[in-house]
Every structure is written in structure tokens, then in C-alpha cells.
Amino acid sequence: MAFQILLNVFLGFMWMFLTGSYEPVAFLKGYLFGLLIIFTFRRFFDSRFYLLRVVAVINLLFLFIKELILANIGVLKVLLRPKLDMRPGIFAYPTVLKKDWEITVLSNLITLTPGTLVVDVSPDNKILYIHAIDIEDAEETIDSIRNSFEKAILEVSR
């Protein structure tokens with residue numbers, strides 16, 4: 001991915017120098033032309049087209065913002081009830097993520113979402129122990145995390 005980005009920047013500068021125009025617009029034209037070239041020759045690179053990964057990171061960011069807002073509303077509903085009938089609990093979340101940075105990102109996203117906290121990670125990095133402030137069904141929560149955060153992290157990393 002880094003090679004593709006550097007190649008694209010290089011192509012942008014080459015376009016700027018070949019046209020003789022040293023303005024940012026010329027670089028932008030060259031950068032866009034470089035995107036087209038790299039996309040055309042993407043099968044010759046070891047990794048996938050880097051713009052797809054950038055889009056996946058942006059999608060992950062928007063997913064986190066959406067989940068953050070929904071979790072804040074959920075915690076607010078729990079706290080504003082006249083009778084506190086919340087069911088806090090700890091559950092084990094089995095993850096398919098392998099790399100340390102993937103597990104760290106998932107743990108941080110879960111912890112930064114109000115109402116949930118990653119308490120511990122198993123020594124083999126396959127299970128996260130998560131505390132939730134109000135948990136009705138652990139399997140539903142596990143499926144929710146798997147289909148949102150973990151899926152988005154897998155799109156970024158693979």
C-alpha cells in the first residue's frame with residue numbers, strides 16, 4: 001500500500017514537472033491521472049488497490065461515530081428510567097482477528113463506546129472479556145460487534 005501511495009505522489013509530481021506548471025492544480029491532475037494508472041495496473045501489485053483501503057478506513061470511522069451516538073442514546077435511556085433495572089454483565093467475545101493491532105483497535109472501539117468496556121484479553125488473543133452496563137442477550141451483543149466493528153476492521157486489514 002505504501003508503495004502505491006508513493007508511486008501515485010511521484011506520478012503527480014512527474015505530471016507537474018512535465019507540464020511545466022508548478023501549481024497545486026497541476027499536481028492534483030497528475031495525482032488523479034496516477035490513480036487511473038495505478039488502478040489500471042493494480043493486478044501487478046502484491047496488495048489491493050490502496051484507495052479501497054482508504055475508503056474502508058473512512059467507513060470504519062463513520063461506523064464508530066454512528067455506534068457512539070447510538071450507544072450514548074442507549075446509556076441515556078438506561079439512566080433516565082425511573083427504575084434502574086439494568087442488567088450489567090461480563091461476557092466472552094471470541095474474535096477471528098489475528099494481528100495485535102487489529103485486536104487493539106477492536107478493544108479501543110468497544111471501550112470508547114459508552115456502556116461497554118474490554119476488561120481483559122486472553123493470553124492467546126482469541127477471546128475478549130467485555131463488561132456491558134445493560135446486557136439482555138450476550139449472543140445478540142456478540143453478533144452486533146462481529147457484524148459491525150470486527151467486519152469493518154477486517155475490511156481495512158485484509
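Is D134 buried, partly exposed or exposed? D134 is partly exposed, with a relative accessible area of 23%; buried means under 20% relative accessible area, exposed over 50%, and partly exposed in between (1.4 Å probe, protein chains only). The model is predicted, with local features requiring pLDDT of at least 70 and side-chain atom pairs counting only at pLDDT 80 or more, while totals for chains, interfaces and linings use all residues. Residues are numbered from 1 along each chain as its sequence is written, and side-chain values use heavy atoms, with hydrogens and water left out.

**Exercise 1. Determine which residue pairs with D134 and what the pair connects.**

Step 1. D134 forms a salt bridge with R87, at 3.8 Å from N to O. A salt bridge is a side-chain nitrogen of Lys or Arg within 4 Å of a carboxyl oxygen of Asp or Glu.

Step 2. D134 lies in the loop between β3 and α5, and R87 in the loop between α3 and β1 (89-94), so the pair ties together parts that are 47 residues apart in sequence. Helices (H or I, at least four residues) and strands (E, at least two) are DSSP runs, numbered from the N terminus.

Step 3. R87 is partly exposed, at 38% relative accessible area.

**Exercise 2. Describe the salt bridge of E102 and the accessibility of its two partners.**

Step 1. E102 pairs with R158, the closest N and O atoms being 3.2 Å apart. This pair links distant parts of the chain: E102 belongs to helix α4 and R158 to the segment after α5, 56 residues apart.

Step 2. E102 is buried, at 0% relative accessible area, whereas R158 is partly exposed, at 43%.

Step 3. Elsewhere, salt bridges that share partners join R87, D134 and E136 into one network. The structure holds 5 salt bridges.

**Exercise 3. Check the length of helix α3 and separate its buried residues from the nonpolar surface patch.**

Step 1. Helix α3 covers residues 50-80 and includes L70. The expected span of a helix is 1.5 Å times one less than its number of residues. For the 31 residues of α3 this gives 45 Å, and the end C-alpha atoms are 45 Å apart, which agrees.

Step 2. The buried residues of α3 are Y50, A56, L60, L63, F64, E67, A71, V75 and V78. Their cover includes α1 (2-19), α2 (24-40), α4 (100-112) and α5 (138-157).

Step 3. A nonpolar patch on the surface is formed by L51, V54, V55, I58, L61, F62, I65, I69, L70 and I73, with about 850 Å² of accessible area together. Patches are made of residues with over 30% relative accessible area and no salt bridge, like charges being joined within 9 Å and nonpolar side chains (Val, Leu, Ile, Met, Phe, Trp, Tyr) within 5 Å. Accessible areas come from the Shrake-Rupley method with a 1.4 Å probe; for residues, only the protein chains shown count as cover.

Step 4. An α-helix has 3.6 residues a turn, so residues three or four places apart point the same way.

Step 5. K66 and E67 form a salt bridge, with the closest N and O atoms 3.9 Å apart. K66 is partly exposed at 43% relative accessible area, while E67 is buried at 18%.

**Exercise 4. Identify the contacts of three buried residues, N8, S107 and I153.**

Step 1. N8, in helix α1, is buried at 0% relative accessibility. Leaving aside neighbours within four places in sequence, N8 is in contact (heavy atoms within 4.5 Å) with Y31, G34, L35, I38 and Y50.

Step 2. S107 lies in helix α4 and is buried, at 11% relative accessible area. Not counting residues up to four places away in sequence, S107 touches V118, V121 and L128.

Step 3. I153, in helix α5, is buried at 2% relative accessible area. With neighbours within four places in sequence left aside, the contacts of I153 are L60, L97, E102, V105, L106 and L109. The C-alpha atoms of I153 and V57 are separated by 8.2 Å, although these residues are 96 residues apart along the chain.

**Exercise 5. Establish how β3 pairs with β1 and β2, and how its side chains are arranged.**

Step 1. Strands β2 (residues 116-121) and β3 (residues 127-132) pair in the antiparallel sense over 5 bridges; two strands pair if DSSP finds at least two bridges between them. T116 stands opposite A132, and D120 has Y129 as its bridge partner.

Step 2. The hairpin of β2 and β3 has 5 residues between the strands, and N125 takes a positive phi near 60°.

Step 3. β1 and β3 run antiparallel and are joined by 6 bridges. P94 stands opposite I127 in β3.

Step 4. Side chains alternate along β3: L128, I130 and A132 point to one face and are buried, while I127, Y129 and H131 point to the other and are not.
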